[in-house]
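Walk through this model from chain to sheet to interface. Keep the sequence at hand as you read.

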Amino acid sequence: MRDRIDQLVDTVSSVVLGKEDVVRLAVACMLARGHLLIEDLPGMGKTTLAHTLAHVFGLEYRRVQFTSDMLPADILGGAVFNQQTSSFVYHPGPVFTQLLLADEINRSTPKTQSALLEAMEEGQVSSEGVTRQLPSPFFVLATQNPTNQFGTFPLPESQLDRFLMKISLGYPDADTEKKLLKHGDTRSDIEELPVCIDSKMLQDIQTACQQVAVSEPVLDYIQRLAQFSRSSEEIVLGLSPRGALALIQAAKAWAYMSGRDFLTPDDVQQVFSSVVEHRLLIRKDLNYQADPIRAILTKVDVLS
Amino acid sequence: MAEVVNQTSRELTPGAKKWLLIMLITVSAPQLMYVPLWLAVTGGCLLSWVWLTLERHRYVIPRWGKGVVVIAVILGVLVFSSQSKGLDGLSSLLIAGALLKSMELKKQRDGWVLVLVACFIAAVGFLFNQSMPSAVYGGVSLLTIVCALLMMHQGSTQAWLFLPVKKSLFMLLQSIPLMLILFLIFPRIGPLWSVQYQQSTAKTGLSDRMQPGDISRLTRSASVAFRVSFTDNKPPAPEQRYWRVMTFADFDGQGWSIADVTKQDMQGDVSDDDLIEYQVIAEPSASTWLFALDYPLASSASAVQRYSDGTFKARAAVSQRISYTASSLLIKPYDGHPLVNRPRYLAVPAAGNPQTRKMVRQWQQKGFSAEEKIAALFKNFNQHFTYTLSPQKLQGNRIDQFLFDTREGFCEHFANATAYTLRLAGIPSRVVGGYLGGEWNDYEEYLLIRQYEAHAWVEAWLDGKGWIRLDPTTAVAPERVIQPFDQLFSSSPEFMADSSMMAFRLQQNLAWLKTLSLRYDALNYNWHRWILGYHQQQNNLLQDWFGQISLLKMLLLLFIPVGCMLMIVFWWLLKVQSRWMHPVDKEVVAISDLLAKVSVELKRASGETVQMYSVRLAETLPEIRAELDAWSGLYQRLRYADASAQAEDTSLQYHRLSQQLMSKIKRLGKQGVIGKGVKQPDVEKQIETRVW
């Protein structure tokens with residue numbers, strides 16, 4: 001199954017050029033049953049990545065473009081009066097899908113953002129007093145613009161917490177960009193990509209990831225990381241226990257992708273930044289040169 | 001808090017239980033002779049049973065059985081301790097409690113209780129016996145206690161027998177400096193309460209009443225009465241070794257009893273060349289008598305009181321070994337004081353012993369002077385009397401019977417007859433009880449006086465001369481004075497008839513055994529003098545070392561080293577954080593340290609995983625890339641893989657590979673390969689290669 005994962009990563013990388021590391025992280029996030037938040041400036045290929053991922057996993061997906069006038073019912077669906085039967089009939093919203101592309105999620109109001117909350121956490125939607133199960137697997141791939149842009153509503157911390165990882169693509173390097181310019185828009189190619197992992201296999205892989213062994217030394221290391229983040233003076237709010245659990249969850253998937261059935265501190269370090277960064281509140285009034293998250297990794301000893 | 005609770009309720013391992021039982025047996029063994037026999041037997045059965053349940057889990061004592069045993073033992077011990085006054089009761093109570101506790105050894109907490117009780121039992125043992133062997137045994141007891149404690153806190157059950165012994169021996173050795181410091185400078189505080197000693201049962205050669213003829217055979221004991229060391233390391237001549245203990249002044253026709261005497265000041269102002277200064281270490285005797293060389297002058301010890309008859313007495317019964325210094329004169333000049341209470345020293349019953357009275361009348365008629373009377377009596381002794389340790393019994397007119405009929409006896413008979421006769425003859429006299437002789441120990445230069453060297457002699461008051469020592473025994477058996485007692489009588493069956501003397505006799509006949517016994521006694525002497533009696537020297541010693549000692553100085557002396565020690569411990573504990581490492585991790589650190597010696601850049605950074613580190617090393621040291629890869633792979637498997645999948649040989653393999661790596665690194669370091677073109681150790685940069 002691991003070669004299928006590699007194949008999948010290669011496939012996605014053929015569309016999202018020069019970002020193999022980010023692609024791997026995104027794949028790891030999905031293998032860990034986590035929701036993914038992609039934050040970047042417009043035009044960096046966020047939506048392309050999301051599209052490609054949805055496609056190669058062979059998942060049924062819908063895309064919702066979030067706008068500031070959007071209402072929860074636009075996502076969750078609502079009751080519509082049927083004149084023929086003279087009754088209200090529930091029309092499922094776009095959330096009833098295996099993979100929801102929430103484009104520019106921070107353009108909508110907090111009210112609408114929260115509508116996604118229950119869906120992401122519980123895998124179900126409650127509307128009009130009826131709880132409806134979402135299909136399984138259910139992912140949310142959200143993209144957002146940096147919060148300092150105009151017309152954005154920053155996601156509340158509680159909502160951010162529900163995303164396993166937050167990644168960003170960044171500008172491509174010179175060679176890649178040249179290649180990209182040469183090929184033009186690759187979006188049309190997405191539809192022609194093969195499905196690398198079907199949903200049955202995805203579930204198997206997800207189970208296998210879950211079973212990656214975590215030894216005491218690694219648990220100690222994660223605990224030390226969490227502890228350090230809480231006592232660091234550059235960080236206002238440290239890593240919560242849920243954050244630490246998320247770290248293990250993501251690192252397990254990474255370990256599985258690296259071909260191991262046990263977790264090492266290397267795996268933890270690999271996923272650390274993307275899992276932890278959006279969960280911490282970093283002090284902004286001080287002009288630190290070094291990245292405080294990077295500082296955690298350098299300062300906490302791997303060996304106890 | 002939760003952790004503490006967790007610990008106390010942790011189950012004891014079988015190894016720990018076994019050690020607790022061994023500890024219990026070791027600690028209570030020396031006190032077996034003080035506890036009632038039934039308790040010893042019950043205890044033995046109980047402990048064997050508990051041990052058996054450890055080996056085989058079947059034989060568990062039923063609940064009601066436990067109840068019966070507990071009630072029976074408690075009742076028995078209560079009855080026993082209510083009957084015994086001394087320490088026996090206490091010791092039995094302790095031992096019984098510990099034995100019963102051993103039945104419910106389950107949790108860590110039970111083990112702790114048992115360990116504490118064992119410490120107490122071991123300490124109580126020193127109340128019974130403070131000899132050198134018992135001190136050594138105390139060390140052994142301590143060892144088993146530490147072993148038990150160690151096993152209680154150790155998870156491993158393998159090698160439960162010797163490993164803890166080794167470890168606790170090491171621990172005890174480490175504690176020796178502290179022990180020495182405490183021994184040397186810790187102030188000796190008097191006991192807060194006192195316990196009844198039962199050592200008065202020790203046989204002594206002296207009693208407070210002398211009644212010759214009552215017993216046909218003298219009870220002789222070879223136990224030590226006291227030891228004396230002399231300031232000039234030279235003992236007085238054998239014929240001058242009269243050790244004065246008590247005087248008998250009152251005669252009732254049958255025997256002599258101790259005179260009531262008044263206290264007297266020490267005669268400290270005498271400064272004479274003949275003055276002999278010495279130190280006495282007296283064994284406990286449960287009486288107040290003390291020993292002094294005739295004629296005693298003064299003693300510097302505050303516990304010693306001098307009396308008007310020239311004897312020393314302790315202010316309280318000698319229940320523990322005491323030591324005191326004293327000075328004596330061998331020949332005491334007459335100080336010119338007249339005899340106080342002259343009639344007392346002349347008093348005899350009005351009637352009885354007609355033959356003796358007749359003999360004295362004859363002397364009076366012949367007009368003998370006092371000296372002539374004494375000479376006549378002694379001549380008579382010399383010519384017609386024999387010295388024996390088993391004389392015939394005397395009845396009725398005992399002195400008549402002795403002087404004119406049996407004509408045999410030992411020192412008491414002669415002293416008795418002499419004093420009586422002299423009193424009849426108008427010469428004030430009294431009997432002196434004490435010891436004569438002593439065995440000189442060349443190794444440590446002290447005189448050892450045993451109980452069988454007890455002696456009685458007479459002092460007569462001669463006008464113009466004062467009290468004069470008269471030893472009638474010298475007239476009969478002069479060799480008794482000059483030769484050591486044991487040599488003199490070792491061949492005579494009556495002396496050795498006592499079964500307790502058998503070992504002693506053997507000792508006297510075998511030269512090497514005699515040497516050995518002298519050596520052992522010398523050792524014992526030092527033990528008593530320097531270890532048990534150290535509190536008497538402590539002040540002097542400390543004064544020599546540190547000058548005038550005050551309480552403040554003493555405390556400083558005590559607390560500065562202790563403080564220093566605590567600081568060291570504190571420092572060590574702070575440092576130890578990096579030390580408490582998994583052995584597998586330790587080897588990583590060792591390799592990192594080894595490389596850091598060559599080039600600081602090659603040291604592992606704290607945020608660097610072993611995998612990253614090995615990759616980085618492989619870049620600078622391609623020579624050992626293969627080893628490094630294998631090594632880090634093994635490391636990961638050992639530390640991070642599922643524990644059940646770890647095989648013993650993986651860790652061995654890892655260890656071997658680490659050693660191999662280290663030796664290679666050393667070799668490369670010598671060749672100067674390492675250190676050239678070392679890549680800059682930018683961990684930040686490295687971590688930057690992680691995905692962001």
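The unreviewed UniProt entry annotates "transmembrane region" over residues 19–52, 64–82, 111–128, 135–156, 168–186 and 555–574 of chain B. The annotation comes from that record, while the model itself is predicted. Two of these spans can be checked against the coordinates.

Take residues 19–52 of chain B. The span is 76% helix and 0% strand. Its end C-alpha atoms lie 14 Å apart. Now take residues 168–186 of chain B. Here the chain is 89% helix, again with 0% strand. The end C-alpha atoms of this span are 25 Å apart.

Next, look at B:Pro187. This residue sits in the loop between α9 (176–185) and β1 (209–210) of chain B. Is B:Pro187 buried or exposed? Neither label fits: B:Pro187 is partly exposed, because 13 other C-beta atoms lie within 10 Å. Being buried would take 20 or more such atoms, and being exposed 12 or fewer. The loop residue also has a partner far along the chain. B:Gln538 is 351 residues away in sequence, yet the two C-alpha atoms are separated by 8.5 Å.

Chain B also holds a sheet. Which strands form it, and in what order? Six strands make an open sheet, ordered β8-β11-β6-β2-β16-β15. The pairing is antiparallel. At the edges are β8 (296–299) and β15 (439–441) of chain B, each paired on one side only. From one strand to the next, the twist averages 30°. In general, strands of a sheet pair through backbone hydrogen bonds, either parallel or antiparallel.

Zoom in on one pair. Strand β6 (residues 276–282) and strand β11 (residues 322–328) of chain B run antiparallel and are joined by seven bridges. One residue to find is B:Gln279, whose bridge partner in β11(B) is B:Thr325.

A helix crosses this sheet. Helix α19 (residues 511–532) of chain B lies across β2 (224–230), β6, β15 and β16 (446–450) of chain B. Relative to β15(B), the helix runs at about 75°.

Finally, turn to the contact between the chains. Chain A contributes 25 residues and chain B 22 residues. On the side of chain A that touches chain B, the elements giving two or more residues are α2 (20–31), α9 (216–231), α11 (265–276) and α12 (292–299) of chain A. Which element gives the most? That is α11(A), with six residues. By type, the chain A side divides into twelve nonpolar, eight polar and five charged residues.

Conventions. Residues are numbered from 1 along each chain as its sequence is written. Chains are lettered from A and ligands numbered from 1 in the order in which they are written. This is a predicted model: local features need pLDDT of at least 70, side-chain atom pairs count only at pLDDT 80 or more; totals for chains, interfaces and linings use all residues. Two residues are in contact if their C-beta atoms, placed from the backbone, lie within 7 Å. Helices (H or I, at least four residues) and strands (E, at least two) are DSSP runs, numbered from the N terminus. Ala, Val, Leu, Ile, Met, Phe, Trp, Tyr, Cys and Pro count as nonpolar, Asp, Glu, Lys and Arg as charged, and the others, Gly among them, as polar. Two strands pair if DSSP finds at least two bridges between them. Axes are lines fitted to C-alpha atoms, for helices over the stretch in contact, and angles run from 0 to 180 degrees between N-to-C directions. UniProt positions are given in the numbering used here, feature names are shortened, and annotations may be inferred rather than shown by experiment.
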